[in-house]
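User: Take me through the charged side-chain pairs in this one, up close. Start with the pair you'd zoom in on, then work outwards to whatever sits around it.

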Amino acid sequence: MLAEIRSLNEECGVVGVWGHPDAAQLAYYGLHSLQHRGQEGAGIVVTDGEQMSISKGEGLVTEIFTAEKMQALSGSGKAAIGHVRYTTAGGGGYQNVQPFLFNSHTGGLALAHNGNIVNAHQLKAQLEGQGSIFQTTSDTEVLAHLIKRSGYSDVRDSVKNSLSMLKGAYAFVIMTETQMIMARDPHGFRPLSLGKIGDAYFAASETCALDIVGAEFIRDIEPGELVVINDEGITSEYFSLSSQQAMCTMEYVYFSRPDSNIDGINVHTARKNLGKQMALETKIEADVVTGVPDSSISAAIGYAEAAGIPYEMGLIKNRYVGRTFIQPSQSLREQGVKMKLSPVRGVVEGKRVIMVDDSIVRGTTSRRIVRMLKDAGAKEVHVVISSPPIKNPCFYGIDTSKKEELIASSKSVEEIREIIEADSLTFLSVEGMVEAIGRPFPGETRGSCLACFTGNYPTEIFEYEREKTKC
């Protein structure tokens, strides 16, 4: 579905480069390929081994990094880390755009983070009580203060000790003048992959970034693993043992690019399997299947193949709409949908249409798309959702609405169907989703996080986080 016109967004994406003369340029290309993970801000920090330079701003990657800025960064070093951000934890504003760069008498420290630290509020209160002064409202800054206060002379030991205090979801890329450190939380909520370009290393939230820069995929950073790269090579150790792996299921359903492989599973294939599973769970008489661009296309193709119903491009996405509609106000949402999507009358007119989408958050966008299809002459519109109802907020880095704004938290499937004005509405079962993606249930090896569907959270959720989801 369209991230720009609904309240469901991934927080961010990260990249890291070590040992390449064009590190800044590679970081730029990597961030551009991860733009779907965050459109509110981006930044790059580079180092030449002696000092660090930073460039960041609010907006899209291509808007922030002009030719002049890239020229200045390109001559600044052999290593870089980068970040694209969607405003969730801590709110927006330039001060919250990452990477963060901190300078002290012991050297520089740059951090980029994907996820959400659920005990950040408690840690921040403790640190402020000990004299720390925070420059941002982001949960990421907490780690920097923990590292600097750890008392260890070795940055690696400082990072290990600090990470052990964090609870929640995180994939960190950390850089000093002499090394780059990567780490994932013990549950592995957020993805982080590692590749090589010649003798240089390249890390990113998704493998699509590796493909863009021509890096060869080596492996995924494991949950609870700390990887250190410097001029002498690469080392790895575990700072925590994972007792319950829980990769976010929405990475497969919606967030990641279809050409990415998340923990060895291709996203397009997973989505196509979700569509096939939906066809097994539903029996709908229809003339044509269409998907809501872009993330639902794969599922729609899978559904059409399994159901034996023709797939058609019944909805077209306008790719040249400006950023005015990235985060429209409530009054502009309906116009935003019309600007972003257009029904193909020649495909849907007089037809019984199955409209495949990845999820329903509030229902307002679904209702408008159903109306558009019917206004274009569709005889019937049957809505098929390739995931279960989202009933619970996410505390691990996804910008879901407050619980009472999640339509499935208080409405039955039939009530939602009436609200979105569809002729029928079907959600995929939790069991069917798990089977289709190919990752087991939580608690098993390579398990999944299903919290937004089931309400069973893999970690402790602190009261402050729960209060943020209430009106």
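Analyst: Glu225 and Arg219 are where I'd zoom in: they form a salt bridge, with the closest N and O atoms 2.7 Å apart. By salt bridge I mean a side-chain nitrogen of Lys or Arg within 4 Å of a carboxyl oxygen of Asp or Glu. Bear in mind that this is a predicted model, where local features need pLDDT of at least 70 and side-chain atom pairs count only at pLDDT 80 or more, while totals for chains, interfaces and linings use all residues. Residues are numbered from 1 along each chain as its sequence is written, and side-chain values use heavy atoms, with hydrogens and water left out.

The two partners sit in unlike surroundings: Glu225 is buried, at 2% relative accessible area, whereas Arg219 is partly exposed at 27%. Those labels go by relative accessible area (1.4 Å probe, protein chains only): buried is under 20%, exposed is over 50%, and partly exposed is in between.

By the rule above, the count comes to 17 salt bridges. Here's another one to look at: Arg352 and Asp287, 3.0 Å from N to O. This pair links distant parts of the chain, 65 residues apart, with Arg352 in strand 20 (residues 352–357) and Asp287 in the loop between helix 9 (267–281) and strand 17 (288–291). Helices (H or I, at least four residues) and strands (E, at least two) are DSSP runs, numbered from the N terminus. Arg352 is partly exposed at 24%, and Asp287 is partly exposed at 30%.

Then there's Arg371 with Glu421, whose side chains meet at 2.9 Å, N to O. Arg371 is in helix 13 (residues 364–375) and Glu421 is in the loop between helix 14 (413–420) and strand 22 (424–427), so this salt bridge ties together parts that are 50 residues apart in sequence. Arg371 comes out partly exposed at 34%, and Glu421 partly exposed at 33%. Some salt bridges share partners, too: Arg37, Arg190, Glu206 and Glu251 are joined that way into one network.

Glu421 deserves a second look for its backbone: its phi is positive, about 65°, although it is not a glycine. Asp263 does something similar, with a positive phi of about 55° although it is not a glycine. You'll find Asp263 in the loop between strand 15 (261–262) and strand 16 (265–266), partly exposed at 21%.

While we're on the backbone, check the cis peptide bonds. From Gln98 to Pro99 the bond is cis, with omega near 0°, and Pro99 lies in the loop between strand 4 (79–85) and strand 5. The bond from Pro293 to Asp294 is cis as well, with omega near -5°; Asp294 is in the loop between strand 17 and helix 10 (297–307).

Follow the chain on from Pro99 and strand 5 (residues 100–104) pairs with strand 6 in the antiparallel sense over five bridges. Pairing here takes at least two DSSP bridges between the strands. A two-residue hairpin joins them, and Ser104 has Gly107 as its bridge partner in strand 6. Strand 6 also pairs with strand 7 (residues 168–175), antiparallel over eight bridges, and there Ala110 stands opposite Met175. Eleven of the eleven residues of strand 6 (residues 107–117) are buried, so the rest of the structure largely encloses it.

Now for the nonpolar side. A nonpolar core is a set of buried Ala, Val, Leu, Ile, Met, Phe, Trp, Tyr and Cys residues joined through side-chain atoms within 4.5 Å. The largest has 50 residues, and Met250, Tyr303, Ile354 and Tyr396 have the most contacts inside it. Elements giving two or more residues to this core include helix 9, helix 10 and strand 20. Tyr396 brings us back to parts we've already met: leaving out residues up to four places away in sequence, it touches Gly115, Asn116 and Arg190, among others, with contact meaning heavy atoms within 4.5 Å. Another core of 27 residues lies apart from that one, with Leu73, Val84, Cys208 and Val213 among its members.
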